[in-house]
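Me: I am new to this structure and would like a close look at a single part of it, with enough of the surroundings to understand where that part sits. Please take one helix and follow what it touches.

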Amino acid sequence: MQQALFDLTWTQRIDTPVSDRSQFVIGTYGPLTTKTVKAYKTHYDIRFPPGDPNGFIDGLTGPRTLAKLDRHCVLFDLCDAKLAGKAVEVRNATGREHDSPTLPIIGTKGAMRLRSGGGIPGILSGLWFKKGLGTFEVSGPIFIAYQDKGSESGDLGFPSTDQQAGDAPGRFFQKFEGGEIRLEDGQTFVLLGDPPNDMDVSADSF
């Protein structure tokens, strides 16, 4: 249970965040575990008694909390495997390394990894996966424009293709759920279309 909370980054979503795995002792249900569980249950409104909007939220793990954690672990494992596979593909093609931790994106069925080394210095990039959409790399000037627009939580949503060559030399484009970014002679242009679906709150989303 504690390993799941750590992998799902819930230790980083509490007051005084913890990102060092050694501070989160697996197997010891101490104050940090209690605090993290309470943050998790508060976010997902897991109260006792069940269904009572005025019920209380504590730092204990009951069947409903464990069942939701289990669904999140299944989705996390899927995201992690897809991103790891894409990371190997990108490394083999470009030398760019994306071996940073998989970060689940709360409210969606997706996750991402940022580049941690390798490849041409100065080329920033990241990998994004969303269940039902696919796994794609965003890099270079398009990556910077994507970050400036709020990344996956902005108007563009998740990437839906890799970067592709345009209709003339020096032109590239990449499609996203809510539009596309074009790179033409070193300049980027963001074209917004229909907004992506609202943050996913279905049972199997993060």
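Reply: What follows is a walk along helix H3, residues 63-94, in a model that is predicted.

Some background on the chain helps to place the helix. The protein chain holds 4 helices and 10 strands, and read along the sequence these elements follow the pattern α-α-α-β-β-β-β-β-β-α-β-β-β-β. The C-alpha atoms fill a box of roughly 60 × 35 × 25 Å along the principal axes, and of the 206 residues in the chain, 41% are buried. Among contacts between residues at least 6 apart in sequence, 45% join residues at least 24 apart.

Just before H3 comes the loop that separates it from H2, and Phe48 lies in this loop. With a relative accessible area of 48%, Phe48 counts as partly exposed, and beyond its neighbours within four places in sequence it is in contact with Gly55, Phe56 and Arg64, of which Arg64 belongs to the residue range of H3. The C-alpha atom of Phe48 is separated by 52 Å from that of Ala93, although the two residues are 45 apart along the chain.

Thr65 is found in H3 as well, and because its relative accessible area is 3%, below the 20% limit, Thr65 is classed as buried. Leaving aside neighbours within four places in sequence, Thr65 touches Tyr40, Lys41, Ile46 and Leu60.

Tyr40 leads on to the interior of the model. In soluble globular proteins, nonpolar side chains tend to be buried together. Here the largest nonpolar core has 22 residues, and those with the most contacts inside it are Trp10, Tyr40 and Phe206. Helix H1 (2-7), helix H2 (31-43), H3 and strand S5 (125-130) each supply at least two residues of this core, with the largest share, 7 residues, coming from H3. Phe206 has contacts beyond its neighbours within four places in sequence, and these include His72, Leu75, Phe76 and Cys79, as well as Leu8, Tyr44 and Ile105. A second, separate core has 13 residues, among them Ile105, Val138, Leu156 and Ile181.

Two cysteines in this stretch deserve a closer look. A search of the whole structure finds 0 disulfides, and for Cys73 the reason is distance, because its sulfur is 12 Å from the closest cysteine sulfur, that of Cys79, which is too far for a bond. Cys79 is likewise in no disulfide. The surroundings of the two can also be stated: Cys73 is partly exposed, with a relative accessible area of 23%, whereas Cys79 is buried, with a value of 0%.

Finally, H3 takes part in the largest pocket, which has a volume of about 220 Å³. This pocket is lined by 13 residues, and those nearest its centre are Thr94, Arg96, Glu137, Ser139 and Gln163; Thr94 is the residue at which the range given for H3 ends. H3, strand S6 (134-139) and helix H4 (140-148) each supply at least two residues of the lining, and the largest share, 5 residues, comes from H3. By class, the lining has 4 nonpolar, 4 polar and 5 charged residues.

Taken together, H3 supplies the largest share of the largest nonpolar core and also the largest share of the lining of the largest pocket.

Key:
Residues numbered from 1 in each chain as written. Predicted model: local features only at pLDDT ≥ 70, side-chain atom pairs only at ≥ 80, totals over all residues. Heavy atoms only, no water. Buried < 20%, exposed > 50% of the residue type's maximum accessible area, 1.4 Å probe, protein only. Contact = heavy atoms within 4.5 Å. 1 Å grid on protein atoms, 1.4 Å probe; cavity = no way out; pocket = protein on both sides within 12 Å on 5 of 7 lines; lining within 4 Å. Points joined across faces, edges and corners; volume = space filled by probe spheres on them. Nonpolar A, V, L, I, M, F, W, Y, C, P; charged D, E, K, R; others polar. Core = buried A, V, L, I, M, F, W, Y, C linked by side-chain atoms within 4.5 Å. Disulfide = S-S within 2.5 Å.
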